[in-house]
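Thank you all for making the time this morning. I would like to walk through one structure with you, starting with how its helices pack and then turning to its charged pairs.

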Amino acid sequence: NRSDLSPSSFILASIPGLEAAHFWMAILLCSMYILAVTGNCAVLFIVKTEPSLHAPMYFFLCMLAAIDLALSTSTVPRVLAFYWFNTREISFGACLVQMFLIHTLSAIESTVLLAMAVDRYMAICHPLRHAAILTNAVTAKIGLVAMARGVLFFLPLPLLLLPLPFCSSRVLSHSFCLHQDVMNLACANTTPSVVYGLTAILLVMGLDAILICLSYVLILKAVLRLASWKERLKVFSTCVAHICVVLAFYVPLIGLSMVHRFGKDLAPLVHIIMGNVYILVPAVLNPIIYGVRTKQIQRRILNLIHIYND
């Protein structure tokens, strides 16, 4: 019987005792989702329509905006349907697709953040070679490599789950599908899936994090060689927005990993909150961070507001 091997559906997690609060939780999530969509669409529109922003740093920012839009859109509408209409079931196939999209898009975002760190390193440590090396064509190729890297590393995750038999319990720990969460419901040896998942995470997000840290060590060494503190602060301030975006991505990622690894006895509320933070917080914060830190984007936003008011 095929249903013994793969369930027809999984049950999304709810918070025991707080079912009555689902409507208001959905309002909060919907507000954050609207903010994320509006902010990231604004970034894409501003960079597209402002010729002075047609440079590698801003193209990478557009890639981040597109990834955040795709990641939040692949999860939040389904979560809102659950909270508002109590549609707790998600089909087995849809769950695997959602899981693949979440992990693949996260890997692509990690690669883009590494590329942005290299861009900052080249701009500060090798300013004369920066424009010649990081051309628009090279930036586009980096985007394609990031996509290919994410797909190749994380496509095996759902494929490894397909042949596994699953236990009678089909209740997930989150309001969407993650690899480790789905894998924990299997009634078979999941060692290949565990080993491959951990290897993929370490070779993508782990390696990217190390290389980002290395790039900033080199940047700091170059900055400290400058003559005055005023010059040092001015140069390093160009990295502040990127550092904030890196933290907004990696802190929720590490927090969610810790909850899965050590938080089996934690309340369901903790799992659900950490999952939603991982999905939505970077998408909300990224356009705000770059909007605050980038004068060209600020100016363009103010011009748009002025035109709208007129």
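**Helix packing and salt bridges**

Let me begin with a crossing: helices H2 and H4 pass each other in a left-handed sense. Before going further I should say that this is a predicted model, and the values I quote are computed from it. Helix H2 covers residues 22-49, while H4 covers residues 76-85, and the two pack with their axes 8 Å apart at an angle of about 160°. Because angles over 145 degrees count as roughly antiparallel, H2 is roughly antiparallel to H4.

While we are on H2, please find Phe 45, which sits in that helix. Is Phe 45 buried or exposed? The answer falls in between, since its relative accessibility is 41% and Phe 45 therefore counts as partly exposed. A spatial relation to note here is that Phe 45 and Cys 62, separated by 17 residues in sequence, have their C-alpha atoms 9.1 Å apart.

Next comes helix H3, residues 56-73. With 18 residues at 1.5 Å a residue, H3 should span 26 Å, and the distance between its end C-alpha atoms is 26 Å, so the expected and computed values agree. As for its surroundings, H3 is mostly covered, with 14 of its 18 residues buried.

What does H3 pack against, and at what angle? Its partner is helix H13, residues 268-293, with the axes 9 Å apart and an angle of about 150°. That angle is over 145 degrees, so H3 and H13 are roughly antiparallel to each other, and H3 passes H13 in a left-handed crossing.

H13 also contains Leu 269, which at 32% relative accessibility counts as partly exposed. The C-alpha atom of Leu 269 is separated by 9.2 Å from that of His 174, although the two residues are 95 residues apart along the chain.

Let me turn now to the charged side chains. In general, side chains of opposite charge can pair when their charged atoms come close. How many salt bridges does a search of the whole structure find? It finds 2.

One of them joins the side chains of Arg 120 and Asp 119, with an N to O distance of 3.1 Å, and both Arg 120 and Asp 119 are buried. The other is formed by Arg 149 and Asp 208, whose closest N and O atoms are 2.9 Å apart. This pair links distant parts of the chain, 59 residues apart, with Arg 149 in helix H7 (residues 136-154) and Asp 208 in helix H10 (residues 191-224). Since the cut-off for buried is under 20% relative accessible area, Arg 149 at 17% is buried, and Asp 208, at 0% relative accessibility, is buried as well.

Finally, a word on annotation. The unreviewed UniProt entry carries the annotation "transmembrane region" for residues 20-46, 58-84, 90-118, 130-155, 194-223, 235-257 and 269-292. I looked at how the model treats two of these stretches. Residues 194-223 are 100% helix and 0% strand, with end C-alpha atoms 42 Å apart. Over residues 235-257, by comparison, the chain is 87% helix and 0% strand, and the end C-alpha atoms lie 34 Å apart.

Technical notes. Residues are numbered from 1 along each chain as its sequence is written. This is a predicted model: local features need pLDDT of at least 70, side-chain atom pairs count only at pLDDT 80 or more; totals for chains, interfaces and linings use all residues. Side-chain values use heavy atoms; hydrogens and water are left out. A salt bridge is a side-chain nitrogen of Lys or Arg within 4 Å of a carboxyl oxygen of Asp or Glu. Buried means under 20% relative accessible area, exposed over 50%, partly exposed in between (1.4 Å probe, protein chains only). Helices (H or I, at least four residues) and strands (E, at least two) are DSSP runs, numbered from the N terminus. The expected span of a helix is 1.5 Å times one less than its number of residues. UniProt positions are given in the numbering used here, feature names are shortened, and annotations may be inferred rather than shown by experiment. Axes are lines fitted to C-alpha atoms, for helices over the stretch in contact, and angles run from 0 to 180 degrees between N-to-C directions. A crossing is left-handed if the near helix is turned anticlockwise from the far one by less than a right angle, and right-handed if clockwise. Angles under 35 degrees count as roughly parallel, over 145 as roughly antiparallel, 65 to 115 as roughly perpendicular and the rest as oblique.
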